[in-house]
Amino acid sequence: MSLKARLAATLSIAFLVILVIGGLVTYRQARLNIVTELSAARSVATNRVAQLVAELPATPDVPAKLAAFVRTFNGDRYVKVILIDALGVIRDQSHPAKDYDQLPDWFVQLLSPDPSTTIMPLSAISEPITSVAILIDPRNILADTWFELLTGLGILILFVVIAFVAVWIVADRALRPLAGIQAAFLEIGAGNYAAKVRPFGPPEMRRLADGCNEMSERLDEISARNRRLSEQLLRLQDEERADLARDLHDEVGPLLFAIDVDASAIGRMVRPQQANGDGPGDGVALRSRAEAIKGAAHRARREVRRILTNLRPGTMPGLGLKASIEDLVADLSRRHPEVAMEAAVPDGDWGATVEVLVHRVVREAMNNALRHGAPTRISVAVAAEGRRLRFSIVDDGGGLPEAGTAGGFGLIGMRERVEATGGELTVVQVPLPPGVRVEGWVPLGEGAGPAEAVDDGEPGTGSGRDA
């Protein structure tokens, strides 16, 4: 439940509680007022009857006096007076007011006090009338109470509605900046540290927005420092690899070549008759040993070339990402002619670090597809999107294994390298045809981007150029 919904529910419950408590208090007070008012009316009527009884002996016309007394109660809202003879027959009665036409019966039963009739005897001089009955009718005062309750309830409901609407509008305007702050947090969580929030609304929300902007700026600075540190580490690593490769090529390579030459020379120094077994037996053994040394030197040179291939940076200086990936695809196409390989890479200067990193990711993904699957097609795509360089390697080699490390430890290392530069790398299954998609992006540095002039030809493929 959202904050506004919880606030609305809380206010609704509070207003309902107020209405219930107010209704109970109003009921108790109204019943007390009705009882008090009717008791006072009964007391007044009783006093007037007592006064009538005291005045009758001095009255020359008693019947007229009694009739006039009854008429004084005509239109009374609470009291009805009845003259009764000795046989209990009603000789005369007043006609009270009737202002309770719209009064509901349940309300009368709820608040009406217990009905009672007061009968007061008259003196013998008033015969044949012997007594006066006083009846209290609460319906008029109940009608007044009903109208007051309706008015008060209407005013209270109107107040509650106005207060609810006012609180809702104020809460909505106060919480409106949270939507922008939430969106900014989502972008920051996705790695877009340039996301900003426009401060507006209450002071608390403005301070929260300012704090969010300061946090994004600090994260951007930290991310930039991490990228610079990662680039330095990658550059140092590449330099160490290059130094090691150069030492192997310049120092170990000549030594292996010298061993090969010396072994060949030793083999040639053995006289032909000795090599054919006509001479001493040492010549045959010596020539055999020389051939063994020569074969070992050849194997060592192949291993050195393999190590040099792994140690070299992904792109050669001045070659660029496009040509490097095309060379990679061409080389793999020669070794795996049964697999159709294609690459779409734009020309451009993407920065040495980015080019090396993307080349290594492409190489690792293609080698994984060939090593762990049985693909018939591998597609490589690289494209610039804003300040990002996106890449995608898709194969139809059967998909990821059900158990084990998805993508292999090589791609895990590539993911760590990509994330260290502030980018992203994912490995997902492709349903039809079943295969694997390795895709991601890396941020571009200042000055990096596509070439101003792009070749009008088709993208390079593995069959389009020689290694």
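1. The accessible surface of the chain comes to about 27800 Å², and 59% of this area belongs to carbon and sulfur atoms. These values, like those that follow, rest on a predicted model. Of the 467 residues of the chain, 33% count as buried.

2. As regards the overall make-up, the chain has 11 helices and 11 strands. Among the contacts in the chain with a separation of 6 or more, 67% are accounted for by residues 24 or more positions apart.

3. One element that deserves a careful look is an open sheet of 5 strands, in which the order is 5-7-8-10-9 and the pairing is mixed. Strand 5 (340-344) and strand 9 (424-430) each have a single partner strand and stand at the edges, so one side of each is left without a neighbour in the sheet. On average, and with direction ignored, neighbouring strands of this sheet are turned by 10 degrees against each other.

4. Within the sheet, strand 8 (residues 388-395) pairs with strand 10 (residues 435-443) in the antiparallel sense, over 8 bridges. Arg-390 stands opposite Trp-441, a residue of strand 10.

5. Two helices that pack on the sheet can be considered together. Helix 9 (residues 320-335) packs on the sheet and touches strand 5, strand 7 (377-385) and strand 8, while its direction makes about 180 degrees with that of strand 5. Helix 10 (residues 352-372) also packs on the sheet, where it touches strand 5, strand 7, strand 8, strand 9 and strand 10, and its direction makes about 10 degrees with that of strand 8.

6. The largest nonpolar core has 35 residues, and those with the most contacts inside it are Ile-325, Val-358, Met-366, Leu-389 and Ile-393. At least two residues of this core are supplied by each of helix 9, strand 5, helix 10, strand 7, strand 8, helix 11 (408-420), strand 9 and strand 10. Helix 10 gives the most to this core, with 9 residues.

7. For Ile-393, the contacts can be listed individually. If residues up to four places away in sequence are not counted, Ile-393 touches Val-361, Val-362, Ala-365 and Met-366, together with Ile-378, Ser-379 and Val-380, and also Val-436, Arg-437 and Val-438.

8. Apart from the largest nonpolar core lies another core, of 31 residues, which includes Leu-66, Tyr-78, Leu-103 and Met-120 among its members.

Definitions and conventions: Residues are numbered from 1 along each chain as its sequence is written. This is a predicted model: local features need pLDDT of at least 70, side-chain atom pairs count only at pLDDT 80 or more; totals for chains, interfaces and linings use all residues. Side-chain values use heavy atoms; hydrogens and water are left out. Two strands pair if DSSP finds at least two bridges between them. Helices (H or I, at least four residues) and strands (E, at least two) are DSSP runs, numbered from the N terminus. Axes are lines fitted to C-alpha atoms, for helices over the stretch in contact, and angles run from 0 to 180 degrees between N-to-C directions. Contact means heavy atoms within 4.5 Å. A nonpolar core is a set of buried Ala, Val, Leu, Ile, Met, Phe, Trp, Tyr and Cys residues joined through side-chain atoms within 4.5 Å. Buried means under 20% relative accessible area, exposed over 50%, partly exposed in between (1.4 Å probe, protein chains only). Accessible areas come from the Shrake-Rupley method with a 1.4 Å probe; for residues, only the protein chains shown count as cover.
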